[in-house]
Amino acid sequence: MGKLDGKVAVVTGASRGIGRAIAIELAEQGATVVVNYSGSQAQADDVVAHITASGAQAVAMQASVASSDDVTRLMNGVVEQFGRIDILVNNAGITRDNLLMRMKEDEWDDVIDTNLKGVFLCTKAVTRTMMKQRAGRIINISSIVGVSGNAGQANYVAAKAGVIGLTKTTAKELASRGILVNAIAPGFITTDMTDALPEDVKNAMLAQIPLARLGEPVHIAKAVSFLASDDASYITGQTLHIDGGLVM
Ligand code: NAD
């Protein structure tokens, strides 16, 4: 018996990294998982194969969260196939780092479109279904830099801070319909996204973390399954920092 038995979950950007770990954890807890991806179908299929090999149910569905047409197609497809959406995890995200003075307009737009507008589009697209159910959980993956700021990431930080504001507002708007909305702000988690950073940047970050180690995708995944479960039925509008104590 898992704590998410019978639930249907959509995880955006779930073909690798944190999204992959979230998809696997939700399936381990009994949920049927829709593994959304925008790029590599092979990676998404690999996540689905991993989940189905353990006896749980999962499907891969392509859609860019930055496209309203794609998002509508995705969420309609989920309801057609599974009849409901209990859990939405807005995980998809990109970085286009640059100093403010060098940041190009398209670097700003791409990050805002995926990391902030994508959360708005996916949230809006599941809201009608969750309202009819009078139940739902939405978990938004923000970032600790959305709280603290970070030089060289004006676009990313603005989007992630926006996600925290969006979380609080949707939590207030949807509470009376039984829909709970929370955010997670990861610190420095080892994934392809952070592997791309220079070694000196990683070491400088490590030196500031009280727990003196980097996070793993599973640390985020465990918190997502908690927030999606009945154990978190009195928590909404919150942002949970999972960062080894980096920002207190
Ligand atoms: P990642 O780059 O490994 O994975 C991101 C995923 O999002 C990829 O599968 C990618 O294909 C997908 N994606 C990108 N654009 C998309 C789109 N338009 N539509 C659908 N999917 C799309 O990164 P990650 O480290 O696993 O990050 C996952 C989330 O966690 C992101 O929102 C990221 O900002 C956030 N985060 C990561 C860290 C970290 O240290 N890794 C820290 C804080 C926050």
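In this predicted model, helices α3 (68-82) and α4 (105-133) each put at least two residues into the lining of the second largest pocket. That pocket comes out at a volume of about 260 Å³. Its walls are built from S68, V71, T72, M75, N76, V79, L121, K124, A125, R128, T129 and K132. Sorted by class, the lining of the second largest pocket is a mixed bag, with five nonpolar, four polar and three charged residues.

Helix α4 also has a packing partner in α6. The two run at an angle of about 15°, and their axes are 8 Å apart. With an angle that falls under 35 degrees, α4 is therefore roughly parallel to α6. The crossing of this pair is right-handed. On the α4 side, the contact is made by E107, W108, V111, I112, N115, L116, V119, F120, T123, T127 and M131, and α6 answers with A154, N155, Y156, A158, A159, K160, G162, V163, L166, T170 and L174. The contact of α4 with α6 counts 14 nonpolar residues, alongside six polar and two charged ones.

From α6 the story leads on to the largest pocket, since Y156 of the α4 contact turns up again there. The largest pocket has a volume of about 1100 Å³, and 50 residues line it. Nearest its centre lie G93, I94, T95, Y156 and M193. Several elements chip in with at least two lining residues each, namely α1, β2 (32-37), α6 (154-174), α7 (192-195) and α8 (199-207). As for chemistry, the lining of the largest pocket holds 22 nonpolar and 23 polar residues, plus five charged ones.

Helix α1, one of the elements that supply this lining, packs against two helices described here. Take α2 to begin with. Helix α1 (residues 17-28) and helix α2 (residues 41-53) meet at an angle of about 20°, with 10 Å between their axes. At that angle, α1 is therefore roughly parallel to α2. In passing α2, α1 makes a right-handed crossing. The residues that touch are R20, A23, I24 and A27 from α1, and D46, V47, H50 and I51 from α2. By class, the contact of α1 with α2 comprises five nonpolar residues, one polar and two charged.

The other partner is helix α9 (residues 217-228), which packs with α1 at an angle of about 45°, the axes being 8 Å apart. This angle makes α1 and α9 oblique to each other. Here, too, the crossing is right-handed. From α1, the residues G17, I18, A21, I22, E25 and L26 come up against P217, V218, I220, A221, K222, V224 and S225 of α9. The contact of α1 with α9 breaks down into nine nonpolar, two polar and two charged residues.

Methods
Residues numbered from 1 in each chain as written. Predicted model: local features only at pLDDT ≥ 70, side-chain atom pairs only at ≥ 80, totals over all residues. Heavy atoms only, no water. Axes fitted to C-alpha atoms, helices over the stretch in contact; angles between N-to-C directions. Helix = DSSP H or I, 4+ residues; strand = E, 2+ residues; numbered from the N terminus. Parallel < 35°, antiparallel > 145°, perpendicular 65-115°, else oblique. Left-handed = near helix turned anticlockwise from the far one by under 90°. Contact = heavy atoms within 4.5 Å. Nonpolar A, V, L, I, M, F, W, Y, C, P; charged D, E, K, R; others polar. 1 Å grid on protein atoms, 1.4 Å probe; cavity = no way out; pocket = protein on both sides within 12 Å on 5 of 7 lines; lining within 4 Å. Points joined across faces, edges and corners; volume = space filled by probe spheres on them.
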